[in-house]
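Subject: Structure for you to look over

Hello,

Here is the structure I said I would pass on. My notes on it follow below.

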Amino acid sequence: MTRALVTGGAGFLGSHLCRRLLESGWDIVCLDSLITGRDENIADLMENRRFTFQRHDVTRPFREESDLDWVLHLASPASPKDYLTHPIETLEVGALGTRQALSLAREKGAALFLASTSEVYGDPLVHPQPETYWGNVNPVGPRSVYDEAKRFAEALVTAYHRTHGIPVRIARIFNTYGPGMRRGDGRAVPTFIEQALRDAPLTVHGEGRQTRALCFVDDLIEGVWRLLRSDVQTPVNLGNPEEVPVRELAAAVRDAAGSGSSLVFEDRPEDDPERRRPDITMARKHLDWEPQVKLSDGLKATIAWARKSWL
């Protein structure tokens with residue numbers, strides 16, 4: 001029996017991961033402050049005797065009396081809207097929260113998983129982005145509170161691994177979407193879906209030529225699962241290597257929703273990345289993983305879920 005503590009387990013990705021681990025026979029302790037996580041994300045898990053939930057701010061010390069095999073650290077605001085609303089909390093969870101998670105893992109003799117992000121690459125000058133690329137991050141820009149929090153978290157996790165021998169796994173997660181995203185999340189896919197379902201104009205930043213690489217959540221969780229079972233202790237990109245311009249993404253959401261919405265264009269946010277696409281050579285080689293769900297199919301599934309959950 002494998003037992004894990006999951007920080008941020010009531011968030012979008014955290015709740016999907018908890019569900020997958022429970023299905024695989026793990027015992028799960030879920031910690032979440034519910035700043036951006038939601039009770040409803042884990043409502044179906046609360047009846048499972050192998051799942052327990054504690055509302056807790058992971059930047060503060062926390063203890064677990066029972067043995068642990070894994071500490072899975074996913075806690076953090078993840079959308080620009082959220083981390084710009086909670087900039088100091090975002091920096092603290094990347095620094096203090098990661099330190100608390102590592103301290104617990106060391107105490108329990110457990111391995112640690114860090115959910116990092118493609119944002120460590122900033123507005124990349126190398127395309128696509130391999131794990132060997134060091135990034136192009138504005139350290140004082142508005143997005144730096146998230147970018148630098150995750151970059152520091154990676155450095156701290158690596159230092160604990162080198163100094164104390166803690167087994168670690170680090171996933172650099174690229175744009176992910178799917179059922180369970182919060183309405184009003186602020187990211188492109190849920191924003192476009194909400195607007196399309198209301199037949200409201202879809203707001204596209206700039207001319208919409210900037211690209212994103214979108215991975216369906218089921219594919220992403222499969223990649224995390226394979227990473228946990230691997231022996232790779234350096235960062236690994238997990239994401240979809242197929243780029244789509246944001247303007248085309250908006251049109252695809254509108255068409256999949258059967259909406260008559262128009263597209264409207266607004267100024268781009270400061271430091272908004274121009275291109276984003278993962279090089280997943282490492283994931284293919286070491287995890288035998290690559291995304292399987294086509295964007296059109298993933299959007300249909302997400303829109304069907306949103307119709308039931310948001311309307």
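**Glu266 and its surroundings**

Glu266 is partly exposed, at a relative accessible area of 40%. The residue sits in strand E13, which covers residues 263-266. Apart from neighbours within four places in sequence, Glu266 is in contact with Thr203, Val204, His205 and Gly206. From Glu266 to Pro179 the C-alpha atoms are 27 Å apart, and 87 residues separate the two along the chain. Please keep in mind that this is a predicted model.

**The chain as a whole**

There are nine helices and 13 strands in the chain. For 311 residues, a compact globule would have a radius of gyration near 19 Å, and the chain agrees with that at 19 Å. Along the principal axes, the C-alpha atoms fill a box of roughly 55 × 45 × 40 Å.

Of the 311 residues, 54% count as buried. The accessible surface is about 13,900 Å², and carbon and sulfur atoms hold 47% of that area. Among contacts with a separation of 6 or more, 81% come from residues 24 or more positions apart.

As for charge, the chain carries 39 positive and 44 negative side chains. The centres of these two sets lie 2 Å apart.

**Aromatic pairs**

The count of aromatic pairs comes to six. One of them joins Tyr83 and Tyr146, and this pair is stacked, with 4.7 Å from centre to centre and 10° between the planes. Tyr83 belongs to helix H2 (residues 80-85) and Tyr146 to helix H4 (residues 144-164), so the pair ties together parts that lie 63 residues apart in sequence. Buried means under 20% relative accessible area. Tyr83 has a relative accessible area of 1% and is therefore buried. Tyr146 has 6% relative accessibility, so this residue counts as buried too.

Tyr177 and Phe216 form an edge-to-face pair, with centres 5.6 Å apart and 65° between the planes. The pair links distant parts of the chain: Tyr177 is in strand E7 (residues 176-177) and Phe216 in strand E10 (residues 215-216), 39 residues apart. With a relative accessibility of 1%, Tyr177 counts as buried. Phe216 is buried as well, at a relative accessible area of 7%.

There is also a cluster, in which ring pairs link Tyr121, Tyr133 and Phe174.

**Helix H5**

Which parts of the chain do the buried residues of H5 pack against? They pack against E7, strand E8 (202-205), helix H7 (246-257) and helix H9 (295-310). Helix H5 itself spans residues 188-197 and is mostly covered, with eight of its 10 residues buried. The buried residues in H5 are Val189, Pro190, Phe192, Ile193, Glu194, Gln195, Ala196 and Leu197. Just after H5, Asp199 takes a positive phi of about 55°.

Two of the elements in that list have come up above. E7 holds Tyr177 of the edge-to-face pair. E8 covers residues 202-205, and Thr203, Val204 and His205 are among the residues in contact with Glu266.

**Asp272**

Is Asp272 buried or exposed? At 12% relative accessibility, Asp272 counts as buried. The residue lies in the loop between E13 and helix H8 (281-287). Not counting residues up to four places away in sequence, Asp272 touches Asp123, Arg143, Gln210 and Arg212.

The two acidic residues described here can be set side by side: Glu266 is in strand E13 and is partly exposed at 40%, whereas Asp272 is in the loop that follows E13 and is buried at 12%.

**Gly14**

Gly14 is found in helix H1, which runs over residues 12-23. The relative accessible area of Gly14 is 3%, so this glycine is buried. Beyond its neighbours within four places in sequence, Gly14 is in contact with Gly8, Gly9 and Leu74. The C-alpha atoms of Gly14 and Arg284 are separated by 23 Å, with their positions 270 residues apart along the chain.

Regards

Key. Residues numbered from 1 in each chain as written. Predicted model: local features only at pLDDT ≥ 70, side-chain atom pairs only at ≥ 80, totals over all residues. Heavy atoms only, no water. Helix = DSSP H or I, 4+ residues; strand = E, 2+ residues; numbered from the N terminus. Rg over C-alpha atoms; globule rule 2.2 N^0.38 Å. Buried < 20%, exposed > 50% of the residue type's maximum accessible area, 1.4 Å probe, protein only. Contact = heavy atoms within 4.5 Å. Areas by Shrake-Rupley, 256 points an atom, 1.4 Å probe, with all protein chains shown as cover. Lys, Arg positive; Asp, Glu negative; His and termini not counted. Charge placed at Lys NZ, Arg CZ, Asp CG, Glu CD. Phe/Tyr/Trp six-rings, centres within 6.5 Å; stacked < 30°, edge-to-face > 60°.
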